[in-house]
Amino acid sequence: MTPLQAATRETFWTIGPVGKAAFYWLAVVAILVFLYGVYARFAAYARGSEDPRDRLSDLPGRVIGATKTVLANENQFDGDLYTGVMHTFVLWGFLVLLVATTILGIDIDLYRPLTGESFWVGDFYLAYQFAVDAFGLLFVVGVGMAAYRRYRQREGRLWGKHTSFEDDAFVWTLFLLGVGGFVVEGVSMVGQPGRATETVSFVGMALATGLESSGLTAAGAEAIYGVLWWSHSLLAFAFVAWIPYAKPFHMISSFANVVARDEKAGARLPNVPADLDHTNAESLDDFTWKELMDGDACTKCGRCTDACPADTVGRNLDPRNVILDLKSYRESVSDDPVAGSGGGGGPAATDGGTVPIVADEGGVIDAESMESCMSCMACMDACPVDIEHLTSFTKMNRQLVDEGAVDSNLQDVFQDVMQKGNTFGDSQATRGDWADDLDGVEVPDARETEVEYLWYVGDYPSFDDRNKKVARALARLFDEADVSFGILFDDEKTDGNDIRRIGEEFLYLELAGHHVETFADCEFENIVCTDPHSYNTIKNEYPEVDFAEFADDPMMPFEREEPWNADGAVDVFHWTQVVEELVEAGRLGLSGDELDYTVTYHDPCHLGRYNDEYEAPRELIRATGADLHEMPRSRDDSFCCGGGGGGLWTEHEEEVKPSEERLREAVEDTDAGASIEKFVVACPMCTTMFEDGRKTGDFEDQIEIVDVAELLIEAVEVGS
């Protein structure tokens with residue numbers, strides 16, 4: 001047998017029978033402590049309320065999908081190459097070392113006793129040693145990168161009110177485990193001359209060479225090996241036992257969170273029962289098991305806070321702190337033996353858990369934080385572990401509405417919608433008056449005429465003077481392309497998207513019921529919406545309402561009991577998606593060189609992040625001949641205008657308005673810089689917010705706000 005064929009090493013070198021027995025005993029204790037901690041964590045989630053979503057359907061498929069997502073580190077790479085590389089090194093290094101340890105355990109404790117032989121020899125052993133050294137090195141480098149990012153400056157997104165000793169302990173424990181393993185290997189190679197040719201263990205070989213150069217002899221290595229080996233082993237056991245009780249548990253809870261994710265979270269809020277119980281956040285009992293698990297899945301990375309436009313402009317909202325404050329409060333009042341070990345920084349409860357979850361003063365969460373949220377979903381998009389911030393935020397908004405503790409401006413909006421059917425408080429009889437100034441273009445009544453597209457116009461294009469121009473431009477585009485369309489006139493009310501996200505669930509249900517009953521009385525093939533907010537709620541949320549639950553409710557006298565459009569027979573579009581097809585078909589007669597403006601485009605949250613539509617508006621802009629330049633924050637990284645989640649109707653103390661910050665980005669940070677002539681939008685709320693920001697931010701002489709529809713109709717006019 002050649003030396004290579006016989007290659008192996010003694011696993012318990014210098015460790016006697018008593019030491020081996022102690023090792024196995026400690027291993028069993030560490031594993032039992034670990035298993036109990038994991039059980040206690042998941043048992044605590046089970047005490048949460050039932051989640052309205054079926055988050056465990058097709059569990060094998062969910063697990064496979066989550067495994068691919070986690071192993072590929074795709075969420076970590078999103079917008080942050082450094083973190084992606086760092087986390088890939090740490091994750092894969094940790095997994096390979098874990099698998100390697102498991103393989104060695106199988107060989108020693110199962111294969112050898114059963115067969116009398118070892119498979120941990122020869123080529124397999126050499127390949128094993130090379131893999132362990134290679135991935136162990138990546139692991140140490142990755143942890144080093146994490147430490148460098150954390151400690152190069154004591155500020156930034158990794159530092160906040162919930163930063164605690166457990167964060168330092170986690171990083172340094174991993175680092176000591178990685179480095180300690182190599183030190184043990186290097187000393188072992190010095191003390192075992194037979195391993196002198198084991199060049200595949202290249203890190204251990206380099207350390208051994210360095211130790212020998214420093215004067216370490218074989219006898220000296222043998223003398224200190226036991227101390228180093230036990231130090232490394234005890235640290236490893238302590239880490240395994242510690243995992244469920246502190247930050248390392250995110251290695252498990254984050255994976256579980258990805259498994260249980262709702263692909264449409266945020267775009268569709270959870271349904272509520274007919275009696276509207278457990279829709280609020282009166283106590284921790286009102287939170288679902290998934291919402292409780294969100295807190296444990298949080299790694300404190302701060303990506304959500306970095307992405308949050310409310311935090312950026314100085315509002316009182318830090319999405320990470322909201323999630324971790326809830327977790328910290330839960331741990332402070334829980335009788336769970338694993339709770340209370342690692343949150344840090346959150347509000348402590350000394351009264352048995354009677355602190356209000358959300359309140360102006362003295363609550364776990366400040367009411368102002370929830371009022372600051374724009375429902376833009378930037379936090380959810382940025383989160384690498386699929387925490388569903390908006391679901392919990394809306395629950396707390398519902399609590400504020402239930403208590404009547406909302407901004408007076410929002411109370412006025414609710415009253416206008418209840419009494420008039422629109423957020424302007426104008427007479428519904430004037431809802432279609434915007435169409436009176438359309439020379440030669442007839443806007444049919446979809447209640448009386450069969451049409452291909454039922455056009456849901458929306459509040460702002462119907463009542464706001466600036467946005468009426470957008471509605472007229474779109475009507476002319478439809479007419480120019482010979483599209484069969486019609487509107488609902490005074491039977492159209494507010495869609496309810498933002499009303500729901502502010503927390504007025506009851507009013508949203510009334511609006512949804514009114515509209516689906518109105519739709520049932522019309523003959524049409526598809527629905528097209530001007531506003532991405534309307535598009536989102538009609539497409540994603542109206543089909544979710546179970547009207548049968550409300551059949552006996554005198555306040556909800558719905559005549560229908562079947563869900564609307566549950567089978568997706570009616571397609572719901574944003575107008576840019578419809579017109580893009582018309583342009584491609586040549587029905588607007590554009591040649592692509594009609595306009596020569598230099599422009600940038602702002603992705604509306606409800607069209608982009610909510611519904612993943614980024615290309616249709618851009619294709620339409622390009623079809624006019626305009627020179628499109630992207631802002632640094634674009635597509636799924638787009639920066640909210642500030643109008644969502646009720647922001648259109650409220651005033652906030654902020655360093656700069658979100659709309660002003662966005663316009664500054666357009667004229668200062670975009671490649672074309674000051675050459676940008678037009679700031680193009682595809683949302684009436686965005687138009688309103690940016691027209692305001694243009695005035696208050698002193699951008700009136702620098703840039704013009706135009707809707708894609710206005711740009712298109714200008715191109716059509718030039719072409720004709």
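Which helices each supply at least two residues of the lining of the second largest pocket? Let's find out, bearing in mind that this is a predicted model.

## The second largest pocket

The answer is α3, at residues 74–77, and α15, at residues 378–382: each of them supplies at least two residues of the lining. Of the helices, α15 gives the most to that lining, with 3 residues. The pocket itself has a volume of about 600 Å³.

In total, 26 residues line this second largest pocket. If you want to find its centre on screen, look for E263, M377, M380, D381 and D386, which lie nearest to it. Sort the lining by class and you get 12 charged, 10 nonpolar and 4 polar residues.

## Where α9 meets α10

Now over to a pair of helices. Helix α9 covers residues 250–259, and helix α10 covers residues 289–297. They pack at an angle of about 140 degrees, and their axes are 8 Å apart. To count as roughly antiparallel, an angle has to be over 145 degrees, so α9 and α10 end up oblique to each other.

The crossing of α9 past α10 is left-handed. On the α9 side, the contact is made by H250, S253, S254, A256 and N257, while α10 brings K290, M293, D294, D296 and A297. It's a mixed bunch: 4 polar, 3 nonpolar and 3 charged residues.

## Where α2 meets α9

Helix α9 has another packing partner to look at: helix α2, at residues 59–72. Here the angle is about 125 degrees, with the axes 8 Å apart. That angle lies outside the range of 65 to 115 degrees for roughly perpendicular and isn't over 145 either, so α2 and α9 are oblique to each other too.

What is the handedness of the crossing as α2 passes α9? This one is right-handed. From α2, the residues in contact are L59, R62, V63, A66, T67, T69 and V70, and they meet F255, V258 and V259 of α9. By class, that makes 7 nonpolar, 2 polar and 1 charged.

## Where α24 meets α27

Further along the chain, try helix α24 (residues 615–623) and helix α27 (residues 708–719). Their axes are 9 Å apart, and the packing angle is about 30 degrees. Angles under 35 degrees count as roughly parallel, and that is why α24 and α27 get that label.

As α24 passes α27, the crossing is left-handed. The residues making the contact are P617, L620 and I621 of α24, together with V708, L711 and L712 of α27. How do these residues divide into nonpolar, polar and charged? There are 6 nonpolar residues here, with no polar and no charged ones.

Notes
Residues numbered from 1 in each chain as written. Predicted model: local features only at pLDDT ≥ 70, side-chain atom pairs only at ≥ 80, totals over all residues. Heavy atoms only, no water. Axes fitted to C-alpha atoms, helices over the stretch in contact; angles between N-to-C directions. Helix = DSSP H or I, 4+ residues; strand = E, 2+ residues; numbered from the N terminus. Left-handed = near helix turned anticlockwise from the far one by under 90°. Contact = heavy atoms within 4.5 Å. Nonpolar A, V, L, I, M, F, W, Y, C, P; charged D, E, K, R; others polar. 1 Å grid on protein atoms, 1.4 Å probe; cavity = no way out; pocket = protein on both sides within 12 Å on 5 of 7 lines; lining within 4 Å. Points joined across faces, edges and corners; volume = space filled by probe spheres on them.
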